[in-house]
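This report describes a single protein chain through its backbone, its sheet and its core. The sequence and coordinates are displayed first, and the discussion follows.

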Amino acid sequence: ISTAFASEAVFRTGDTLELRIGGVPAEETTLVTGSYTVDGEGFVNLPHIGKVRAAGLNQASLQRAIEAAYRSGEIYTNPTITITVP
């Protein structure tokens with residue numbers, strides 16, 4: 001991420017992000033929380049839901065997209081995703 005305002009910047013191929021999930025059972029927190037890299041096609045590959053587009057999204061948009069994917073897949077009812085950039 002190339003700008004000083006990380007929350008405004010958009011993710012690109014090759015970027016690494018730290019993802020934390022809350023609002024889910026403890027064993028699931030351990031499974032999902034971790035470091036992910038945006039692949040060559042612009043996606044991050046997450047447990048249970050597979051690939052979610054990250055390239056072109058800012059931090060807040062990606063958090064919402066991942067939460068929505070977990071809800072729509074009926075994996076978790078009320079996940080809270082927090083993304084930070086190392």
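The loop between strand 3 and strand 4 (50–53) contains H48. The model is a predicted one. Although H48 is not a glycine, its phi is positive, at about 75°. E74 provides another case, with a positive phi near 55° in a residue other than glycine. E74 is found in the loop between helix 2 and strand 5. Most residues other than glycine have a negative phi.

The accessibility of these residues, together with that of several others discussed below, is given in the table.

| Residue | Relative accessibility | Class |
|---|---|---|
| H48 | 45% | partly exposed |
| E74 | 71% | exposed |
| A60 | 33% | partly exposed |
| Q63 | 19% | buried |
| Y70 | 0% | buried |
| Y76 | 7% | buried |

The loop between helix 2 and strand 5 also holds Y76. Y76 counts as buried because its relative accessibility is 7%, under the limit of 20%. By contrast, E74 is exposed because its value of 71% is over 50%. Y76 and H48 are 28 residues apart along the chain, and their C-alpha atoms are separated by 10.0 Å. H48 also appears among the contacts of Y76, which further include I21, V24, E28, V32, Y70 and R71 when residues up to four places away in sequence are not counted.

How many aromatic pairs does a search of the whole structure find? The search returns one. Its members are Y70 and Y76, in a tilted arrangement with 4.9 Å from centre to centre and 40° between the planes. The arrangement is called tilted because the angle of 40° falls between the limits of 30 degrees for stacked and 60 for edge-to-face rings. With Y70 at 0% relative accessibility and Y76 at 7%, both partners count as buried. A ring is also involved in a contact of another kind: R53 lies over the face of F43, at 4.5 Å from the ring centre.

The discussion now turns to the sheet. Three strands form an open sheet in the order 2-1-5, with antiparallel pairing. Strand 2 and strand 5 are the edge strands, each pairing on one side only. On average, neighbouring strands of this sheet are turned by 35° against each other, direction ignored. Helix 2 packs on the sheet, where it touches strand 1 and strand 5, and its direction makes about 145° with that of strand 5.

Strand 1 and strand 2 (residues 34–37) run antiparallel and are joined by four bridges. One residue of strand 1, L19, has G34 in strand 2 as its bridge partner. Strand 1 and strand 5 are likewise antiparallel, joined by five bridges. Within strand 5, T82 is the bridge partner of R20, and T80 is that of G22.

To which face do the side chains of strand 1 point, and which of them are buried? They alternate along the strand: L17, L19 and I21 point to one face and are buried, whereas T16, E18, R20 and G22 point to the other face and are not buried. In a regular strand the side chains alternate between the two faces of the sheet.

The largest nonpolar core has 18 residues, and those with the most contacts inside it are L17, L19, V44, L46, L62, I66 and I83. The elements that give two or more residues to this core are strand 1 (16–22), strand 3 (43–46), helix 2 and strand 5 (80–84). L19 shows how these parts meet. Not counting residues up to four places away in sequence, L19 touches V32, T33, G34, Y36, L46, I66, I81, T82 and I83.

Helix 2 (residues 59–72) includes Q63. At 19% relative accessibility, Q63 counts as buried, because the class requires a value under 20%. Leaving aside residues up to four places away in sequence, Q63 touches I81, T82 and I83. A60 also belongs to helix 2, but A60 counts as partly exposed at 33% relative accessibility. A60 and T82 are 22 residues apart in sequence, while their C-alpha atoms are 8.7 Å apart in space.

Notes
Residues numbered from 1 in each chain as written. Predicted model: local features only at pLDDT ≥ 70, side-chain atom pairs only at ≥ 80, totals over all residues. Heavy atoms only, no water. Buried < 20%, exposed > 50% of the residue type's maximum accessible area, 1.4 Å probe, protein only. Contact = heavy atoms within 4.5 Å. Phe/Tyr/Trp six-rings, centres within 6.5 Å; stacked < 30°, edge-to-face > 60°. Lys NZ or Arg CZ within 6 Å of the ring centre and 35° of its normal. Core = buried A, V, L, I, M, F, W, Y, C linked by side-chain atoms within 4.5 Å. Pairing = 2+ DSSP bridges. Axes fitted to C-alpha atoms, helices over the stretch in contact; angles between N-to-C directions.
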